[in-house]
Each structure stands twice: as structure tokens, then as C-alpha cells.
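Okay, thanks for coming, everyone. I've got one structure to walk through today, so let me put it up on the screen.

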Amino acid sequence: MTSEYEKVKQDFLSGRIKGCRSYFEKNHYYLEAGYCCIILDKLDKAEEFFKKVQDIDIRARWALVLIQMLRGDIKYFPTYFEVRNFLEIDLSILILYCKGAYVERVIKFADFMAYYNPETYKFLGRVFWANNLMSAAMFFLRRAKDKFYQDPELHYLLAYIYYIDKNIEMCKKYLASCLAILPEYNPAKKLAAKVNL
């Protein structure tokens, strides 16, 4: 049986925000209430919620960095693990709620975040790929490839984008690179079978 908290959380993560903030705030789920406030353009209130739990919830500390990126004024620095664990999730939430201006503000800090986690470009490319924003995905995945050429997932993601664009020649090129690095990479093997590689 699903708890009320899980139901409300699923509503929020599915783009149905109505009633979520009041439920989270009333029940002292301050991290979740803070994310609702971001979507509602109440950054001061979001920051207030995150500060209440920053000492007991590592995601709240990251959320304070996110707020600063949204404001364009960084005072805290993200950790390697914060970028790895939360950047893609948060950008997906912003994309889900059509917060394009916020997404743009976050990606302006790509180089800044990459200083703390060099895989930042891959994470950005992957989140755009997952949300079917292929030109943005391609931009960041190419940047990631310049830093982590030996990452098989990068080559696979690029191959997949070329496959979607019906550029089978380039698709095969990146699949071959992926499989040369990791011959048993299953998603690449499946795509290779589709394109007769």
C-alpha cells in the first residue's frame, strides 16, 4: 500500500503540483516543500526550507547551490557527489515543469560545476537526451567526449542520437567506438543489431 507521502511525492514528480507544497510543509517535509517553491518561483521560501534541513539532508545542501545558480550568485560550492547525484534529477524536474529560464541559468554554470565534477557535461547531455532535447544533448555530449573519450556510454548516447536522426553512418561509427571500449555494453549491442553493425 502506498503511503500518502509517496502519493504526493509521485504527484509532484509527475507534474501535478497542486496541493503538494501545502502537504509537504504541513508534514515537515521541508526538502520537498522547497522544491515545490522553486517550481512556484518562490526562491526565498525555498531557500528557507532548505536551510532548515541542510544539516541532516545532503540534498538540501545541494538545493542551496541550485538556488544560487538560479539567482546567478554562487556562495557555496557543490561537491563531486552532489553534482553526480542530483543535477540530472533536478534538471528533469525543471524541464517537466517547463522552467526553461531556470534550466538556462543552471547550464550557464556547466563549466563551474565541471570544475567540481568533470562528468558534468555528460550528466547534462544525458538529461537532455532523456527529455528528447537532442540538439542540447548533442552539444553537451560532444563536450563530455573531449574530456572522457574512453566512456562507452558517451559513444552510445551519441550513436543513439544519430540513429534517431537517421544518420546510420555516424551511428555505426560511435557504436563501433563504444563496443571497442566495452564489447559487452548491452544497449550498444542491441542498437548495433538494429543497424546491422
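Let's start with the pocket, since that's probably what you'd look at before anything else. Three helices, α1 (4-13), α3 (30-39) and α6 (80-96), each supply at least two residues to the lining of the largest pocket. Before going further, keep in mind that this is a predicted model.

So which helix gives the most to that lining? That's α1, with 4 residues. The volume of this largest pocket comes out at about 180 Å³. If you want to pick out the lining on screen, select Y5, K9, F12, L13, F24, L31, E32, Y35, R59, I89 and I93. By class, that lining is 8 nonpolar and 3 charged residues, with no polar ones.

Let me zoom out for a second. The protein has 13 helices and 0 strands, so reading along the sequence you just get α over and over: α-α-α-α-α-α-α-α-α-α-α-α-α. The C-alpha trace spans about 55 × 40 × 30 Å along its principal axes.

Now, helix packing. Two packed helices are described by the angle between their axes and the distance between the axes, and I've got two pairs to show you, with one helix shared between them.

The shared one is α11, residues 152-164. On one side of the comparison we have α9, residues 120-130, which packs with α11 at an angle of about 35°, the axes being 11 Å apart. That crossing is left-handed. From α9 you have K122, R126 and W129, and they meet E153, L154, L157, Y160 and I161 in α11. Sorted by class, this contact has 5 nonpolar and 3 charged residues, and no polar ones.

The other partner is α12, residues 168-181. Here the axes come within 8 Å and cross at roughly 165°. That angle makes α11 roughly antiparallel to α12. The crossing of this pair is left-handed, too. On the α11 side the contact uses P152, H155, Y156, L158, A159, Y162 and Y163. On the α12 side you'll find I168, M170, C171, Y174, L175, S177, C178 and I181. How many of these residues are charged? None: the contact of α11 with α12 has 13 nonpolar and 2 polar residues, and no charged ones.

That's my tour, from the pocket to the packing. Happy to rotate the view if anyone wants another look.

How values were computed. Residues numbered from 1 in each chain as written. Predicted model: local features only at pLDDT ≥ 70, side-chain atom pairs only at ≥ 80, totals over all residues. Heavy atoms only, no water. 1 Å grid on protein atoms, 1.4 Å probe; cavity = no way out; pocket = protein on both sides within 12 Å on 5 of 7 lines; lining within 4 Å. Points joined across faces, edges and corners; volume = space filled by probe spheres on them. Nonpolar A, V, L, I, M, F, W, Y, C, P; charged D, E, K, R; others polar. Axes fitted to C-alpha atoms, helices over the stretch in contact; angles between N-to-C directions. Left-handed = near helix turned anticlockwise from the far one by under 90°. Contact = heavy atoms within 4.5 Å. Parallel < 35°, antiparallel > 145°, perpendicular 65-115°, else oblique.
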